[in-house]
Structures are given as structure tokens and as C-alpha cells.
Amino acid sequence: MIRVGVNGYGTIGKRVADAVDAQPDMELVGVAKTQPNFEAHTAVQRGYSMYAAIPERMPLFAEAGIDAEGAVDEMVADADVVVDCTPSGIGADNKALYESHDTPAVFQGGEDADIGDVSFVARANYDDALGADYVRAVSCNTTGLSRIVAPLEEEYGVEKVRATLVRRGGDPGQNSRGPINDILPDPIDIPSHHGPDVRTIFPDLKIDTLGLKVPATLMHVHSLNVTLEDDVTAAHVRQLLEAESRVFVISEGMGIDGAGKLKDFAHDAGRPRGDLWENCVWGESIAVEGRDLYLFQAIHQESDVIPENVDAIRAMTESASKAESVATTDEYLGVGI
Ligand code: NAD
């Protein structure tokens, strides 16, 4: 069993903890939190051991009726791998703690690329993370773009990617984020930083990205134009994407015309927290003009990186091949529509 600790139990951390807990070859040592808020209470209800991320705050947990096992360094010492799910920049501060215990760690996409030996998306570069001590599971947008680029690159060769990312203003709980009534070029500089981040996975890829932010919390939507090296047909691209376990090609008859209905679908299907771990590509949008492919996809920012975190743990511990890990993660998390 791979013993895993989760440091930072917010949007990403609580999902990683559940995903790890569901795997047959992993054991959740516990989760570390800064404060005994509602998420701490639900973690305890789920049977997860609680550690205080800030040791001096241990008494606050006791006052809130939460029996903390100890401080975060005890969790780090006890784990084979820690998944750091703290806010952007805090992961870099935490690296010394993991190093002091010789505990390998997975960091998230908010950290700089040089925090890890490798930036990671299982579909694209699982083997690069074999035996690595520090890995960065890239951002939700980079994960979503990489899952499309990888099969296209393998099947046809990619000359250039152009992507416009229509990004949600914030996650549902982030009530201080916005805009609440505006449409912002964000970042206003073109191309945006997202393209270089995708090049941490595909170093030679030609990619330009543009970003906008809109008043929505549900998902991001990408408008993609990929110039391929070969002539293709839309039907062939569709078949290719339908064969990808982490891509959901939305069929015409489903009546899913936007991110709202996608989330309704996920809730109706009994997905935990209404999560959509897969890229959601509108089948009707897949269009081809010569070597130019166009499509729209929606990316659930809160959950698409979760299977990647689980696969990163197996790669780092060299406990499974890419195919075995992806299949196990997908089966026990419930990925695949
Ligand atoms: P979040 O704010 O929802 O959760 C972070 C949690 O860490 C909070 O509970 C916070 O209290 C806790 N925390 C703060 N300081 C800590 C410390 N020193 N030790 C332990 N815990 C601490 O943030 P999030 O959205 O889960 O993002 C986490 C990381 O994942 C970031 O790098 C982010 O860029 C990345 N990411 C976020 C999303 C998303 O859409 N939410 C998607 C992909 C990747």
C-alpha cells in the first residue's frame, strides 16, 4: 500500500483525498488543514485523520471538537508521498518540510514549473515521472489542453495550436472573485501564459493561447483551432477522441448545450460534488477545414486534475505502468462516460 498524506484540504485537496481513499493500492494517512472549518468536520465524518497544518493551532481543533492526530510534520513523516494542495505559492514554501523528511511530493499547477522534476499529465508524459521525487500536476487548463494535444500529436502530428480560454471567474465557494458583470480579456497580454505552461508538457509544441474571464463558476470553455500535419476528417478526429478514457465526447442527442447542463448531468449521474474529471468536447463542434481542426470543450476546473494526481503518485513510486495506473484510477474513481 502506498501511504499518502494530503496537505491543504480545499477545492483540490478534498477531491484528491477522496480519490486516494478510493484506490485499492493506496492508504490515506490523513489530511492537514489550517483551520477547523466545515471542510475539517466533513473530513472527520469521512473517517480521515486530521493534522494541524499550523502546529500552534492544535488547540483550535480541540475546541471545535476535532481530535487532531498531530501536526503536519508527523503526517509528512508517516507518508510515502504527500500531495500538496495548498494555495499557489504556499507549496513552494512547504517543499523544505517534505525535503527534511525525504518524502516525495506532488505539487499543483499554481506553483512554478521548476518546483518539480517534471510537470505531469498522465496521458502525455507518465513515464517522465517514474521515480521522481517532486512532480507538478499541471493546472486544469493545461491538463485539458494536453489531453487533446497528445492523441492528435500521435495520430496526425500537430503543426500549431491556437486556443481561446473562456475562464470561470472563480470556483463556487470563492465569493470574493469576479467579475460579476463584465467580460475581461484576462490576461490582457497576448499570447497568455497558458501556452508556455502547455510547453512544460510538450516542449516543442507551437501553441498560442488567449484568455478571457467571465461571470461564471461552473467550468472553463476552450475554443480550439489545431493545425495538423495531415489532412483529416471530422469523423476520424471524433473517433480518436471517443477512444480516450478522459475525454467525453458529448453526443448530439443529449441536449447538453452548455456548462450548466453538463453540471446538471454530472449531478444527475450521481457524480460526487457534480465532478467531471473528463474533458467535455461537444461532438457537433468538431469541424475540419483541410488541416485545420476546430472544437469546443468544457473543463471542470475543480476536478479534471484529480485523476492526474493519483497517477502521479503511482509513477513516482514506480508501482504501476502508465496503462495500469490510468485504468486503476479510472475504475476506482469512476472516470469515463
Ligand atoms: P483552495 O484555496 O480551495 O484550497 C487550499 C487549501 O489550503 C485551503 O483549505 C487553505 O486553508 C489551505 N492552506 C492554506 N495555507 C496552508 C498551509 N500552509 N498548509 C496547509 N494548508 C494550507 O485552493 P485550490 O483551488 O484547492 O488550489 C490549490 C492548488 O491547486 C493551487 O496551486 C491551484 O492553482 C491549483 N489548482 C486549482 C484549481 C481550481 O480551479 N480550484 C484547478 C487546478 C489546480
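Modeller: Quick definition before we start: a polar contact is a pair of N or O atoms within 3.5 Å; within protein, one must be able to donate a hydrogen and the other to accept it, and residues adjacent in sequence count only if both atoms are side-chain atoms. This is a predicted model, where local features need pLDDT of at least 70 and side-chain atom pairs count only at pLDDT 80 or more, while totals for chains, interfaces and linings use all residues. Residues are numbered from 1 along each chain as its sequence is written, and side-chain values use heavy atoms, with hydrogens and water left out.

Colleague: Fine. How many residue pairs are in polar contact between domain 1 and domain 2?

Modeller: There are 12 such pairs, with both residues at pLDDT 80 or more.

Colleague: And where are the domains?

Modeller: Domain 1 is 2–138 + 305–333 and domain 2 is 140–299; the bounds come from an automatic or database domain assignment. On contact (heavy atoms within 4.5 Å), 24 residues come from domain 1 and 19 residues from domain 2.

Colleague: What area is buried between them?

Modeller: About 1,700 Å², with carbon and sulfur atoms giving 49% of it. Buried area here is the accessible area (1.4 Å probe) that two parts lose on being put together, summed over both.

Colleague: Which residues of domain 1 lose the most area to domain 2?

Modeller: R15, R123 and V138, together 33% of what that side buries.

Colleague: Okay, charges. How many salt bridges are there between domain 1 and domain 2?

Modeller: Nine, and the structure holds 26. The cut-off is a side-chain nitrogen of Lys or Arg within 4 Å of a carboxyl oxygen of Asp or Glu.

Colleague: What does R15 pair with?

Modeller: R15 forms a salt bridge with D275, and the closest N and O atoms are 2.9 Å apart. There's also one between R273 and D18, at 2.9 Å from N to O. R273 sits in the loop between α10 (259–268) and β14 (279–282) and D18 in helix α1, so that pair ties together parts 255 residues apart in sequence. Helices (H or I, at least four residues) and strands (E, at least two) are DSSP runs, numbered from the N terminus.

Colleague: Switching to the ligand: which residues are closest?

Modeller: T11, I12, R168, D171 and Q301, out of 20 that surround the ligand (a heavy atom within 4 Å counts).

Colleague: Which ligand atom does D171 approach?

Modeller: A nitrogen atom, 2.6 Å from a polar side-chain atom of D171. For S88, a polar side-chain atom lies 3.4 Å from a ligand oxygen atom. G110 uses a backbone N or O atom, 3.1 Å from an oxygen atom of the ligand.
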